[in-house]
Amino acid sequence: MHDRNIYKVLPDFEELAKAYPPLYTHLLSGASPGSRKTIDFKNEASQRCLTQALLHRDFGLKVTLPDDRLCPPVPNRLNYILWIQDILHAQPGPSQPTVLRGIDIGTGASSIYPLLGCKLDSSWTFLATELDEQSLQYARDNILQNQLDHRIRVVQANAADTILPLDVCVDEQFDFTMCNPPFYSSMEEVERAADGKTLKPYAVCTGAPVEMITRGGEAGFVIQMVRESAQAKLWCRWYTSMLGMMASLTQIVGVLKELDITNYAMTEFVQGQTRRWAIGWSFTKERLPDSISRITNPALRSLMPLHNTVRQPIPKVVNISTILASIEGIEISRNDGLTLIKAKGDTWSRSARRNRMRQEVRSEGVEVVLVCSVMVERDEEIVYQWVRGEDRGMFDSFCSHVSRKALARQ
């Protein structure tokens, strides 16, 4: 579970019921005498009431959930929102944009992602799409009753159209997409998945067929998103989607590599027995730290994006500021405790130094082609973070050059 998720500790349901009295009728005695009250997670009405209680108490949201549509678990949905926040705030700088514009693809009856996102961050606004007419109407009602219709716009999607709403807002630009696509490609696949589970599900699934089934399943859905984004490119900074099956990552990463999209990120969300994954990709020059873009699951090692964070152990304390100041042609600044390096080209390699000696230095363009941060952590290692750029070789070369200088001073 995300470090900032307020549900890392299981809520006290009795205390929650005091804040949302309708939950009282769903409380059950704990497994042992004197233990906390609980609810029946396999009871659909109890699940809906719990979701409504958490949204009411913790976010001041009033949400109507239909009996025959998906009831979203709040902790899991909050994990995804927090990861998106991490992505959007990964770029160091003096200030963030005053407005961050997101797209929720398939917002559902609850419209939980736009509602949560807008409550958590006053700079967020949303365009939400929905294919199902019943869910569309509930979503609009939920947004209206929370007085967020000035920040969330809901439009009806068409099954024959593209997944990305390019026709609705072709002249607009967005910062991120969110999506929780249907997992399965057919009802037969739904039944096979249920039969194949070694552990009985901890909670009931309340999803309708329209929310659970799509052509090609979730992998096919997100692959179509990837192919559409390859045409739209900078229309959105970060395209992302949640996934319910780890195996889907193999297919999606395969298509990313096929299209030469190397700037991508993966994460894993864990809530009790439930695991979900998310993948994001970008056509910008923004680079994410490994803490956001990579996970430690050994089963996914071969699918991980390349490292954007490089760590160089050092045997003794070094003055990194002195080392950086000795490198010609780079701009050094400090922001929030980080030393930021900007370079308009390679000025540190042997070939660059030879060119200077021969007075063969070409005037570099005005555009900065490499931004990275450098810091010494616990006097034990130098940590380099690629922040912006397209040339991975240049970043690796800079890291190697500084590390050699540091080790030479030992």
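Two strands pair if DSSP finds at least two bridges between them. The legends below use the term in that sense and describe a predicted model.

**Figure 1. The whole protein chain, shown as a predicted model.**
The secondary structure of the chain consists of 13 helices and twelve strands. Along the principal axes, its C-alpha atoms fill a box of roughly 80 × 55 × 45 Å. The chain has 410 residues, and 49% of them count as buried. For contacts between residues at least 6 apart in sequence, 71% join residues at least 24 apart.

**Figure 2. The hairpin of strands S9 and S10.**
S9 and S10 run antiparallel and are joined by six bridges. One bridge links Ile-332 to Ile-341 of S10. Two residues lie between the strands of this hairpin, and Asp-336 takes a positive phi near 50 degrees. Ile-341 also has a bridge partner in S11, namely Cys-372. S10 (residues 338-343) and S11 (residues 370-377) are antiparallel, with five bridges between them.

**Figure 3. The open sheet of five strands.**
The strand order is S8-S12-S11-S10-S9, and the pairing is antiparallel. Strand S8 (309-313) and strand S9 (330-335) each have a single partner strand, so one side of each has no neighbour in the sheet. These two strands therefore stand at the edges. On average, neighbouring strands of this sheet are turned by 25 degrees against each other, direction ignored. Helix H13 (residues 392-408) packs on the sheet and touches S8, S9, S10, S11 and strand S12 (381-389). The direction of H13 makes about 155 degrees with that of S12.

**Figure 4. The open sheet of seven strands.**
Here the order is S3-S2-S1-S4-S5-S7-S6, and the pairing is mixed. Strand S3 (152-156) and strand S6 (264-271) are the edge strands, each pairing on one side only. Neighbouring strands in this sheet are turned by 20 degrees against each other on average, direction ignored. S6 pairs with strand S7 (residues 274-281) in the antiparallel sense, over eight bridges. In this region Tyr-264 stands opposite Trp-281 of S7. Helix H3 packs on the sheet, where it touches S1, S2, strand S4 (174-179), strand S5 (236-243), S6 and S7. The direction of H3 makes about 150 degrees with that of S6. Helix H4 packs on the sheet as well, touching S1, S2, S3, S4 and S5. Between the direction of H4 and that of S2 the angle is about 175 degrees.

**Figure 5. Strands S1 and S2, a parallel pair.**
Strand S1 (residues 100-105) pairs with S2 over six bridges. Gly-102 has Phe-126 as its bridge partner in S2. Is S2 (residues 124-130) largely enclosed by the rest of the structure, or not enclosed? Buried means under 20% relative accessible area. Six of the seven residues of S2 are buried, so the strand is largely enclosed by the rest of the structure.

**Figure 6. The packing of helix H3 on helix H4.**
Two packed helices are described by the angle between their axes and the distance between the axes. Helix H3 (residues 74-88) and helix H4 (residues 112-120) pack at an angle of about 60 degrees, and their axes are 10 Å apart. Because of this angle, H3 is oblique to H4. The crossing in which H3 passes H4 is right-handed. H3 contributes Val-74, Arg-77, Leu-78, Tyr-80, Ile-81 and Gln-85 to the contact. From H4 come Ile-112, Tyr-113, Leu-116, Gly-117 and Leu-120. The residues of this contact divide into eight nonpolar, two polar and one charged.

**Figure 7. The surroundings of Val-222 in helix H8.**
H8 spans residues 217-232 and includes Val-222. Is Val-222 buried or exposed? Its relative accessibility is 0%, so Val-222 counts as buried. Leaving aside residues up to four places away in sequence, Val-222 touches Pro-181, Ser-241, Leu-243, Ile-252 and Trp-281. One of these, Trp-281, also appears in Figure 4, where Tyr-264 stands opposite Trp-281. Gln-312 is not in this close-up list: Val-222 and Gln-312 are 90 residues apart in sequence, and their C-alpha atoms are 37 Å apart in space.

Technical notes: Residues numbered from 1 in each chain as written. Predicted model: local features only at pLDDT ≥ 70, side-chain atom pairs only at ≥ 80, totals over all residues. Heavy atoms only, no water. Axes fitted to C-alpha atoms, helices over the stretch in contact; angles between N-to-C directions. Parallel < 35°, antiparallel > 145°, perpendicular 65-115°, else oblique. Left-handed = near helix turned anticlockwise from the far one by under 90°. Contact = heavy atoms within 4.5 Å. Nonpolar A, V, L, I, M, F, W, Y, C, P; charged D, E, K, R; others polar. Buried < 20%, exposed > 50% of the residue type's maximum accessible area, 1.4 Å probe, protein only.
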